[in-house]
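Let's take a walk through this structure together. Have the sequence and the 3D view at hand as you read.

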Amino acid sequence: MDKAQRDKLLQLIDGKKDHAVEFLRTLVTIPSVTGNEGPIQNHLKDYLEKMGLEIDMWDMDAEEIQKHPAAAVVTESYEGRPNIVATAKGSGDGRSLLLNGHTDVIPEGPRESWTDDPWSATVRDNRIYGRGSSDMKSGVSSQILAVEYIREAGIKLKGDVLVNLVVDEEISGHGTLDTVLRGYRADAAISGETSTLAVQPACIGRIWFQILIRGKKAGIQTRHEGVNAIDLGYKIKVAIDDHEKHRLETVSHPLYPDIQTTLPCLVGSFESGTFPSAFPDTCLLKGSIATVPGEDHNGVKQAFLDHIARVVADDPWLKDHPPEITFGNKFGGLDAEAADIPPDHPIVTTLVDCFKEITGKDPEISGRQGAADTRFLINNGDTPTVIFGPGPTAVMHANDEYVDIDDYMTAIKVYALSICDWCGVE
């Protein structure tokens, strides 16, 4: 694409700022908490149809998805919560690009914890506030509008662009997994997840666990005859802390120089006892283990089990009454593999070059310190995928969540140029 075309496209985007802001604000005002994605998906389907894109919209089959080894246990129905792939067909001579984003958001929480109504999409201090503004409706909006503005500028792409809008990312990631199972592939993909405009060729994995510990029952007066499950639970909690320390000393990855913030292995919930004057004979620990690309996912689980087993073997009660350890894929929790592509992959360098062209700066190139749907596209869909989005990671899932409008406009421009450079133009 020559300089005149690039300048024309960027000038058009600058002139569309008000439209872009209102488009995103409309999405934020739709309360699309996981399980209630139908209204926003129907809204976007209508918008994409008016853009002239070919629409594939379908409800997922939970039973079929759960036959896949990467699937999670889910109990909610997918009826009325459709996935979308909207295709902007190219001439057929260029590379294809899939733009992946989720439209579900986490619950808003108590209203009093927000300065403004979480669904108000309030504009203040050059920011758009509201649940999902960062995670990740600003990413979804950037992707859609980049395609729309390219077409409005009269630019004809050679390669196909697939706008993939999925549901149920916050719980299971099944929306993207089902996109892969439906047969969608591309020469590369960009996920619009929160990245604070960093270019991220990697995401960590996350393994949730539950540990049920049984002590010995006793009455409060005969407590000396029992085995206190709180004491046992604390012993296992300390063992998990020690396991985290070992992992921090032995695991590394070049995209994650701050390994301490990258690899938490912790107990996040400690439940024991039923009454102030009753002896606690059971304890349930819940927590998670993070992994980095290159680690054997099942091997990490086994190392965790082996470490706990060594501690159990040294305890006079636990060695005969071992805890029951369950990982997320068995109880409906997260069990997400890490994933990455090379930092010098052409889709990464395309984003980097376009970011530099727009901002005059080198982008941060890093690994995402959270699980992401890119794992399905990379590990199961044979589609090299990089993360790039305007949403600030620091405020995802936070009250008073927001996105900076300047970052949002920058993302639209970077997406637009990247689409043109990757797919090619006539």
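Where is Thr 196 found? The model is a predicted one, and in it Thr 196 sits in the loop that runs between β7 (188-191) and β8 (199-203). This residue is a good place to start, as its backbone catches the eye: phi is near 55°, a positive value although the residue is not glycine. Most residues other than glycine have a negative phi, and most peptide bonds are trans. The second half of that rule has its own exception here, since the peptide bond from Asp 135 to Met 136 is cis, with omega near -15°. Met 136 belongs to helix α5, and that helix leads us to the next part of the tour.

Helix α5 (residues 133-152) packs against α13, their axes coming within 8 Å and crossing at roughly 50°. An angle of that kind is neither parallel, antiparallel nor perpendicular, and therefore α5 and α13 are oblique to each other. The crossing of α5 past α13 is right-handed. On the α5 side, the contact is made by Ser 138, Ser 141, Ser 142, Gln 143, Leu 145, Ala 146, Val 147, Tyr 149 and Ile 150, while α13 brings Tyr 408, Ala 411, Ile 412, Tyr 415, Ala 416, Ile 419 and Cys 420. Sorted by class, these residues are twelve nonpolar, four polar and no charged.

Stay with α13 and turn to α1 (residues 3-15). Here the two axes come within 10 Å and cross at roughly 150°. Angles over 145 degrees count as roughly antiparallel, and so α1 and α13 are roughly antiparallel to each other. This crossing, too, is right-handed. From α1, the residues Arg 6, Leu 9, Leu 10, Ile 13 and Asp 14 meet Met 409, Ile 412, Lys 413, Ala 416, Leu 417, Cys 420 and Asp 421 of α13. The contact of α1 with α13 holds eight nonpolar, no polar and four charged residues.

A further partner of α13 (residues 405-423) is α2 (residues 17-28): these helices pack at an angle of about 105°, with their axes 11 Å apart. That angle makes α2 roughly perpendicular to α13. Lys 17, Ala 20, Val 21, Phe 23 and Leu 24 are the α2 residues in this contact, and they meet Ile 405, Asp 406, Tyr 408, Met 409 and Ile 412 in α13. By class there are eight nonpolar, no polar and two charged residues. If you follow α13 by eye, you will find Ile 412 in the contact with α5, in the contact with α1 and in the contact with α2.

Now let's look at the open spaces. How much space lies in the largest pocket? The volume is about 720 Å³. The pocket is lined by 33 residues, and those closest to its centre are Arg 368, Gln 369, Gly 370, Ala 371 and Met 396. Strands β9 (205-214) and β15 (365-368) each supply at least two residues of this lining, and the largest share, three residues, comes from β15. In character the lining of the largest pocket is mixed, with ten nonpolar, 13 polar and ten charged residues.

The second largest pocket holds about 320 Å³ of space. Its lining has 19 residues, and Pro 69, Ala 70, His 297, Asp 335 and Glu 337 lie nearest the centre. Two or more lining residues come from each of α9 (297-313), β13 (335-336) and α12 (374-379). The classes here are seven nonpolar, eight polar and four charged.

One last stop is Gly 90, in the loop between β2 (83-88) and β3 (97-102). Which residues does Gly 90 touch, not counting those up to four places away in sequence? They are Leu 157, Lys 158, Gly 159 and Asp 160. For a wider view, try Gly 90 together with Ile 347: the two are 257 residues apart in sequence, and 18 Å separates them in space, C-alpha to C-alpha.

How values were computed:
Residues numbered from 1 in each chain as written. Predicted model: local features only at pLDDT ≥ 70, side-chain atom pairs only at ≥ 80, totals over all residues. Heavy atoms only, no water. 1 Å grid on protein atoms, 1.4 Å probe; cavity = no way out; pocket = protein on both sides within 12 Å on 5 of 7 lines; lining within 4 Å. Points joined across faces, edges and corners; volume = space filled by probe spheres on them. Helix = DSSP H or I, 4+ residues; strand = E, 2+ residues; numbered from the N terminus. Nonpolar A, V, L, I, M, F, W, Y, C, P; charged D, E, K, R; others polar. Axes fitted to C-alpha atoms, helices over the stretch in contact; angles between N-to-C directions. Parallel < 35°, antiparallel > 145°, perpendicular 65-115°, else oblique. Contact = heavy atoms within 4.5 Å. Left-handed = near helix turned anticlockwise from the far one by under 90°.
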